[in-house]
Amino acid sequence: MFRISAFISELLHPTPMGPRRNPPGPVVIWNLIRRCNLHCRHCYSASVDKDFPGELNSHQAYTVMDDLYAFGVRALILSGGEPLLRPDIFDIARYAKKKGFYIGLSSNGTLIDAQNIDAISACDFNYVGISLDGLGATHDRFRGQDGAFAASIDGIRLCHERGLKVGIRYTMTKDNAADLPGLLALLDQEHVDRFYFSHLNYAGRGGSNRGEDSHYQMTRNAIERLFETCLAYARAGRPKEFTSGNNDADGVFFLQWVHRRFPEQAGDIEARLRQWGGNASGVNVANIDNRGNVHPDTMWWHYSLGNVLKRPFSEIWSDPKEPLLAKLRERPRQIKGRCATCHYLEICNGNTRIRAHKHFRDLWAEDPGCYLTDDEVLSDARVYTT
């Protein structure tokens with residue numbers, strides 16, 4: 001994840017750069033349930049509205065959380081499917097909060113209503129992220145349900161009324177890119193605290209929609225719009241949180257933007273970006289799916305590192321004999337193609353390996369989703385296109 005707002009803050013209010021601090025444990029995105037009331041076109045878990053066998057029960061979930069906390073994990077994102085379809089979701093959330101976890105709820109928002117908003121509020125989620133794929137009919141088409149957009153907006157409003165930090169999560173394709181300005185306008189209209197921009201990744205139903213991946217120039221335009229929007233909010237004294245994910249080339253593109261807009265601070269920002277280090281799959285990010293399988297992140301469901309019902313997460317994540325984890329944790333990663341000669345490999349860390357695997361059938365090929373030109377990545381020459 002690239003925290004745009006944190007880097008924008010450093011541009012406007014520079015602070016001394018300290019040593020790199022690794023978190024005590026990875027952020028764990030936990031797909032507690034695979035069932036979902038919607039049928040989204042780019043769902044990485046290929047969820048549908050039916051029960052899936054073999055999912056962890058409440059007691060098993062508590063045991064996993066005990067192990068996670070003892071191992072040093074401090075952030076849990078409770079996801080699905082649609083996590084609000086789990087009958088014990090509030091019990092799990094309360095247990096996690098009592099343990100001391102930062103807990104986020106990743107929802108489509110349609111099931112947040114007057115009947116459960118008090119229970120959601122009582123869990124004291126640190127963050128509620130609601131997915132929107134566009135405005136009105138665009139969102140409904142992507143989600144496969146009429147009225148989904150209106151229901152999600154109602155969910156956002158209910159969360160705001162209860163004082164919960166709420167954000168919009170958006171995955172861009174060529175078919176919904178035109179809705180990005182309108183979604184950004186919702187930040188003020190609906191008192192939204194955070195905007196998360198996800199690049200399309202080739203996993204689950206997202207893989208079947210690979211042909212919808214945005215053209216590179218469309219991606220560049222969208223990401224630059226995020227930079228400028230974040231900067232405008234920060235300069236106005238009412239900063240909002242902007243993040244992006246699933247394409248660590250965003251960090252390099254940000255550096256290029258800084259060279260154009262804040263050239264005197266480019267050296268400091270480049271040092272901070274290299275310290276940030278880009279893609280953290282298998283390092284500072286982990287995923288547990290609905291059946292307890294552990295993955296390097298949410299896009300790796302085809303590869304299981306182990307199962308928490310058979311072996312504690314702490315042992316799975318620390319296994320020195322696990323070949324994929326060993327390769328993901330190399331610095332620098334042994335990436336092929338133009339990534340191997342990229343001047344900024346230390347910043348993006350080879351970007352997203354899943355896209356390389358799905359496109360080239362090679363985990364260590366160059367990332368086909370990198371939207372930077374050869375001139376921009378193969379040397380440190382300050383020749384940047386717009």
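The legends below describe close-up views of a predicted model.

**View 1. The open sheet and its edges.** The sheet is open and holds 11 strands, with mixed pairing and the order 1-8-7-6-5-4-3-2-9-10-11. Its edges are strand 1 (2-3) and strand 11 (306-307); each has a single partner strand, so one side of each is left without a neighbour in the sheet. Strands of a sheet pair through backbone hydrogen bonds, in either the parallel or the antiparallel sense.

**View 2. Strand 2 and its two partners.** Strand 2 spans residues 27-31, and four of its five residues are buried. Strand 2 runs parallel to strand 9 (residues 285-288), with four bridges between them. In this pair Val-28 has Ala-286 of strand 9 as its bridge partner. Strand 2 is also joined to strand 3 by four bridges, again in the parallel sense. Here Trp-30 is matched with its bridge partner Leu-78 in strand 3.

**View 3. Strand 3, strand 4 and the loop after strand 3.** Strand 3 and strand 4 (residues 102-107) are parallel and share four bridges. Ile-77 stands opposite Gly-104 of strand 4. The loop between strand 3 (75-79) and helix 3 (89-99) contains Gly-81. The peptide bond that joins Gly-80 and Gly-81 is cis, with omega about 15°.

**View 4. The nonpolar cores.** In soluble globular proteins, nonpolar side chains tend to be buried together. The largest nonpolar core of the model has 89 residues. Trp-30, Leu-68, Leu-76, Phe-195, Phe-254 and Phe-313 have the most contacts inside this core. Helix 9 (residues 216-235) supplies the largest share of the core, eight residues. A second core, separate from the largest one, has 10 residues, among them Met-299, Leu-324, Leu-345 and Ile-354.

**View 5. Phe-313 and Ser-314.** Outside its neighbours within four places in sequence, Phe-313 is in contact with Pro-26, Val-28, Asp-67, Leu-68, Phe-71, Val-73, Ala-286, Ile-288, Val-294 and Val-308. Phe-313 is one of the residues with the most contacts inside the largest nonpolar core. Ser-314 lies in helix 12 (residues 313-317). With a relative accessible area of 17%, Ser-314 is buried, because the cut-off for that class is under 20%. Leaving out residues up to four places away in sequence, Ser-314 touches Asp-67 and Phe-71.

**View 6. Asp-140, a buried acidic residue.** Asp-140 belongs to helix 5 (residues 137-143). Asp-140 is buried but has no salt bridge. The nearest side chain of opposite charge is that of Arg-143, 8.3 Å away; a salt bridge would need a side-chain nitrogen within 4 Å of a carboxyl oxygen. A polar atom of the Asp-140 side chain lies 2.8 Å from the backbone nitrogen of Phe-149. Not counting residues up to four places away in sequence, Asp-140 touches Gln-145, Asp-146, Gly-147, Ala-148 and Phe-149.

**View 7. Arg-194 at strand 7.** Arg-194 is part of strand 7 (residues 194-199). Its relative accessibility is 9%, so Arg-194 counts as buried. The side chains of Arg-194 and Glu-241 make a polar contact at 3.5 Å. Apart from neighbours within four places in sequence, the residues in contact with Arg-194 are Met-1, Arg-3, Tyr-127, Val-166, Gly-167, Ile-168, Leu-187, Glu-241 and Thr-243. Trp-257 is 63 residues from Arg-194 in sequence, and their C-alpha atoms are 21 Å apart.

**View 8. Two non-glycine residues with positive phi.** Asp-124 is not a glycine, yet its phi is positive, about 55°. Asp-124 sits in the loop between helix 4 (117-122) and strand 5 (127-131). At 44% relative accessibility, Asp-124 is partly exposed. Asn-351 also has a positive phi, near 60°. Asn-351 is found in the loop between helix 14 and helix 15 (353-360). Asn-351 is buried, with a relative accessible area of 2%.

**View 9. The cis peptide bond before Pro-332.** Arg-331 and Pro-332 are joined by a cis peptide bond, with omega about -5°. Pro-332 is located in the loop between helix 13 (323-328) and helix 14 (345-348).

Methods: Residues numbered from 1 in each chain as written. Predicted model: local features only at pLDDT ≥ 70, side-chain atom pairs only at ≥ 80, totals over all residues. Heavy atoms only, no water. Buried < 20%, exposed > 50% of the residue type's maximum accessible area, 1.4 Å probe, protein only. Lys, Arg positive; Asp, Glu negative; His and termini not counted. Polar contact = N/O pair within 3.5 Å; in protein donor to acceptor, adjacent residues only side chain to side chain. Contact = heavy atoms within 4.5 Å. Core = buried A, V, L, I, M, F, W, Y, C linked by side-chain atoms within 4.5 Å. Pairing = 2+ DSSP bridges.
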